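Thanks for making the time, everyone. I would like to walk through one model with you, with the coordinates open on the screen, and please stop me wherever the picture is unclear.

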Amino acid sequence: DALPAISDSMIARPVYLHPSAGRESLKQRLTSEIQSGNSIDLAVLRLSLYDDLVSEYGQQRVEYAWQECLLQLHQMFGLPTFRINAQTATIDITASSNVPLETLVTSSDISAAIDAMTLSIDDMQWNLPFEVTLHQAPVDGSTVASIEQDRNLETEESRLIQKLHRQRLLDHMRNDGFLFHFQPVRHLATNDTLYYEGLARWTGLDPMSPPEFISLSQSMGLGFALTKMLFGVFCRDVKTMLKTLGTARFSFNMTLADVLHPDFQAMLLEHCANHTINRRQIILELTESENLDNREMVIRKLSQLKEAGFQIAIDDFGKAFSSLERIIALPLDYLKLDSLVMKDSDRPEIQVLLSHIVEMCHRINVTLIAEGIESSLQRDLLRTLGYNWGQGYLLAMPSMPIAWIHEGQRNDG
């Protein structure tokens with residue numbers, strides 16, 4: 001698939017003219033560089049009139065012109081070149097420390113070279129109508145799909161705003177701009193603590209909400225990088241809290257993409273070892289609202305995490321699953337009932353559902369937790385229906401680690 005490079009360095013400066021090879025090679029480069037904390041600048045070439053040209057002149061001529069153009073650009077600049085689909089190619093113009101400033105290539109240089117280029121094909125003179133734009137990963141996205149996206153569908157203002165948000169998140173990640181609050185799961189009768197849930201928070205002014213910065217990180221291809229960084233902060237705070245709350249357990253929220261990531265378990269084990277944390281004191285909460293299409297793979301990954309010593313919880317239960325039976329096969333220790341269910345808990349049919357969930361959890365030996373308890377009426381109703389554990393503002397607000405350390409010291413006193 002990969003055609004030989006025109007330059008003298010096949011390995012360092014390849015040119016991929018076949019889209020399948022180009023996509024895969026660019027994907028590998030993006031993944032490697034972004035996970036290493038680096039940025040990549042790409043000149044993106046779009047031949048938006050590709051279909052019209054094929055209709056007018058035939059696919060063979062157009063493909064020949066495409067490839068000839070890329071080969072000439074590669075010969076001029078000697079930069080890695082990746083054809084990723086019929087209409088799109090990229091040229092890696094990332095600056096490096098060993099390249100003199102005056103020799104750096106910009107997307108404007110690429111555009112000027114194309115404008116000056118005339119291709120002779122079958123006695124015809126061709127000037128291909130390319131649009132050349134700059135794509136900066138991870139700020140503009142770190143996937144091949146983000147490069148392929150039709151930017152004409154967005155306004156210049158919306159692109160600028162999105163880019164500013166992404167740059168802000170990237171700066172925050174590089175500066176460790178996150179901390180954790182912890183909210184306990186309490187016994188509805190005794191107020192004993194089952195475990196403390198870790199909730200990531202943005203530090204500083206004008207904070208992003210967790211759903212916002214998590215979604216943004218995923219759109220940039222930094223979802224796992226964010227999870228890795230946050231779990232390190234989480235472990236640091238847990239280690240501090242364990243000095244007073246020695247036998248306490250703590251939960252960390254993970255996404256489905258985290259569970260399926262090949263390095264997820266190794267990352268967890270490494271951080272726990274570095275902070276001397278017993279894995280059996282860590283609960284991993286998976287948001288149930290995500291679509292579990294590949295359930296067999298999810299079951300296998302969750303089972304491996306349990307074998308490693310972690311406990312597993314399904315969070316926000318009631319948002320996505322069409323039936324209770326869909327979760328029975330999952331290797332769970334805890335099931336957390338979504339807070340939205342509690343808002344309608346005064347309805348008789350909802351109370352019947354709540355009772356059914358209690359019975360199911362008893363049968364499969366899963367600890368049931370009701371989220372979003374905000375009133376004593378809700379708490380009392382849940383106790384009547386057989387619920388023992390809950391979480392919500394009535395029972396305890398999310399707080400900094402020091403608050404729970406002080407509470408533990410008072411209890412010990």
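Lysine 336 is buried, with a relative accessible area of 0%, and I should say at once that we are looking at a predicted model. Its side chain meets that of glutamate 285 in a salt bridge, at 3.1 Å from N to O, and glutamate 285 likewise counts as buried, at 0% relative accessibility. If you trace where the two residues sit, glutamate 285 belongs to strand 11, residues 282–287, while lysine 336 belongs to strand 13, residues 334–337, so that the pair links distant parts of the chain, 51 residues apart. Nor does this pair stand alone, since Glu197, Glu285, Lys336 and Glu371 are linked in a network of salt bridges.

How many salt bridges does the model hold? The count comes to 13, and I will take two further examples. The side chains of glutamate 407 and arginine 186 meet at 3.0 Å, N to O; because glutamate 407 lies in helix 16, residues 401–412, and arginine 186 in strand 8, residues 178–187, this pair ties together parts that are 221 residues apart in sequence. Both ends are buried, glutamate 407 with a relative accessible area of 17% and arginine 186 with one of 5%.

The other example joins arginine 29 to aspartate 92, whose side chains form a salt bridge at 2.5 Å, N to O. Here arginine 29 lies in helix 1 and aspartate 92 in strand 4, and therefore the pair ties together parts that are 63 residues apart in sequence. Aspartate 92 is buried, at 4% relative accessible area, whereas arginine 29, at 27%, counts as partly exposed.

That pair brings us to the sheet. Strand 4 belongs to an open sheet of five strands, with mixed pairing and the order 1-3-4-2-7. Strand 1, residues 15–16, and strand 7, residues 131–137, stand at the edges with a single partner strand each, which means that one side of each is left without a neighbour in the sheet. The partner of strand 7 is strand 2, residues 40–46, and the two pair in the antiparallel sense over seven bridges, with aspartate 41 standing opposite glutamine 136 of strand 7. Helix 1, residues 19–35, lies across strands 1, 2, 3, 4 and 7, and runs at about 125 degrees to strand 3.

Let me turn now to the nonpolar cores. Which residues touch the most other members of the largest one? Of its 89 residues, they are Phe234, Leu335 and Tyr387, and the largest share of this core, eleven residues, comes from helix 8, residues 223–242. Leucine 335, if we leave aside its neighbours within four places in sequence, is in contact with a set of residues that includes Ile314, Phe317, Ile327, Ile357 and Met360. Apart from that core lies another one, of 26 residues, among them Val62, Leu70, Met117 and Phe130.

I will finish with a single residue, serine 217, which is found in helix 7, residues 210–219. Is serine 217 buried or exposed? At 1% relative accessibility, serine 217 counts as buried, and beyond its neighbours within four places in sequence, serine 217 is in contact with Leu169, Leu222, Gly223 and Leu226.

Note on methods. Residues are numbered from 1 along each chain as its sequence is written. This is a predicted model: local features need pLDDT of at least 70, side-chain atom pairs count only at pLDDT 80 or more; totals for chains, interfaces and linings use all residues. Side-chain values use heavy atoms; hydrogens and water are left out. Two strands pair if DSSP finds at least two bridges between them. Helices (H or I, at least four residues) and strands (E, at least two) are DSSP runs, numbered from the N terminus. Contact means heavy atoms within 4.5 Å. Axes are lines fitted to C-alpha atoms, for helices over the stretch in contact, and angles run from 0 to 180 degrees between N-to-C directions. A salt bridge is a side-chain nitrogen of Lys or Arg within 4 Å of a carboxyl oxygen of Asp or Glu. Buried means under 20% relative accessible area, exposed over 50%, partly exposed in between (1.4 Å probe, protein chains only). A nonpolar core is a set of buried Ala, Val, Leu, Ile, Met, Phe, Trp, Tyr and Cys residues joined through side-chain atoms within 4.5 Å.
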